[in-house]
Amino acid sequence: MGDTLKLHLQFAGGAELLFDKIKKRDVELPALKKYFPDCQHDKWNIRDLLIWIKDNLLKERPELFLQDDSVRPGILVLVNDADWELFGELEYELQANDVIMFISTLHGG
């Protein structure tokens with residue numbers, strides 16, 4: 001499987017501030033084994049995507065977006081407009097043209 005994977009990423013609720021204030025991005029992920037040569041699975045999942053986002057898109061304060069190998073509490077993740085919990089969260093295998101939205105539910109006061 002040497003093909004790239006096209007996704008639509010969206011950031012809202014303040015999460016976009018960590019990504020140069022860009023709310024929508026169409027991205028093309030390289031073949032999984034090219035990016036993670038030692039990977040034990042064959043398809044991109046959300047856990048892999050978060051690492052790719054950190055390496056390629058996240059511009060500042062990663063601690064406000066990521067915690068350990070997942071998103072921070074207070075970041076809602078939607079896969080094609082549905083809560084990622086319905087799809088297995090980090091283990092969800094990404095499909096071509098999926099829309100992955102990250103919404104910060106935490107607001108400063």
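Good morning. I begin with one pair of residues: Leu-78 has Met-101, in strand E7, as its bridge partner. The model I am presenting is predicted. Its mean pLDDT over the chain is 93, and 95% of the residues reach 70 or more. Confidence is highest in strand E6, at 98, and lowest in helix H1, residues 32-35, at a mean of 91.

Let us stay with the strands. Strands of a sheet pair through backbone hydrogen bonds, and they do so either parallel or antiparallel. Here, strand E5, residues 75-79, pairs with E7 in the antiparallel sense, over five bridges. Within this pairing, Val-79 stands opposite Ile-100. E5 is also paired with E6, residues 82-83, again in the antiparallel sense, over two bridges. On that side, Val-79 has Ala-82 opposite. Val-79 therefore faces Ile-100 in E7 and Ala-82 in E6, as one may follow on the screen.

In what order do the five strands of the open sheet lie? The order is E2-E1-E7-E5-E6, and the pairing is mixed. Because E2 and E6 stand at the edges with a single partner strand each, one side of each has no neighbour in the sheet. As for E5, four of its five residues are buried, so the rest of the structure largely encloses this strand.

I turn now to the loops, where two asparagines deserve attention. Most residues other than glycine have a negative phi. Asn-80 is not a glycine, yet its phi is positive, at about 50 degrees. Where does Asn-80 lie? Its place is the loop between E5 and E6; these two strands form a hairpin with two residues between them. With a relative accessible area of 35%, Asn-80 is partly exposed. The second case is Asn-97, which also is not a glycine and has a positive phi of about 70 degrees. Asn-97 is found in the loop between E6 and E7, and its relative accessibility of 46% makes it partly exposed.

A third asparagine has another role in this picture. Asn-45 sits in the loop between H1 and H2. Is Asn-45 buried or exposed? Its relative accessibility is 4%, and because buried means under 20%, Asn-45 counts as buried. Asn-45 caps the N-terminal end of helix H2, with a side-chain oxygen 3.0 Å from the backbone nitrogen of Arg-47. Leaving out residues up to four places away in sequence, Asn-45 touches Leu-90, Glu-91, Tyr-92, Glu-93 and Leu-94.

From this cap we move along the helix itself. In H2, the buried residues include Ile-46, Asp-48, Leu-49, Leu-50, Trp-52 and Ile-53. An α-helix has 3.6 residues a turn, so residues three or four places apart point the same way.

This brings me to the interior. The largest nonpolar core holds 32 residues. Leu-9, Leu-29, Leu-49, Ile-53, Phe-65, Leu-94 and Phe-102 are those with the most contacts inside this core. At least two residues come from each of strand E1, strand E2, H2, E5 and E7. Which element gives the most to this core? The answer is H2, with five residues.

Finally, the aromatic rings. A search of the whole structure finds nine aromatic pairs. One of them joins Phe-65 and Phe-102, and why is that pair edge-to-face? The ring centres are 5.2 Å apart and the planes stand at 65 degrees; because planes over 60 degrees apart count as edge-to-face, the pair belongs to that class. The pair links distant parts of the chain, the two residues being 37 residues apart. Phe-65 lies in the loop between H2 and strand E3, while Phe-102 belongs to E7. Phe-65 is buried, at 0% relative accessibility, and Phe-102 is buried, with a relative accessible area of 0%.

Ring pairs also link Phe-11, Phe-19, Phe-65 and Phe-102 into a cluster. Setting aside neighbours within four places in sequence, the contacts of Phe-102 include Phe-11 and Phe-65, Leu-50 and Ile-53, and Ile-75, Leu-76 and Val-77. Leu-50 and Ile-53 are among the buried residues of H2.

To close, I return to Phe-102: this residue lies in E7, is part of the ring cluster, and is among those with the most contacts inside the largest nonpolar core. Thank you for your attention.

Notes:
Residues numbered from 1 in each chain as written. Predicted model: local features only at pLDDT ≥ 70, side-chain atom pairs only at ≥ 80, totals over all residues. Heavy atoms only, no water. Phe/Tyr/Trp six-rings, centres within 6.5 Å; stacked < 30°, edge-to-face > 60°. Buried < 20%, exposed > 50% of the residue type's maximum accessible area, 1.4 Å probe, protein only. Pairing = 2+ DSSP bridges. Core = buried A, V, L, I, M, F, W, Y, C linked by side-chain atoms within 4.5 Å. Contact = heavy atoms within 4.5 Å. pLDDT = per-residue confidence, 0-100. Polar contact = N/O pair within 3.5 Å; in protein donor to acceptor, adjacent residues only side chain to side chain.
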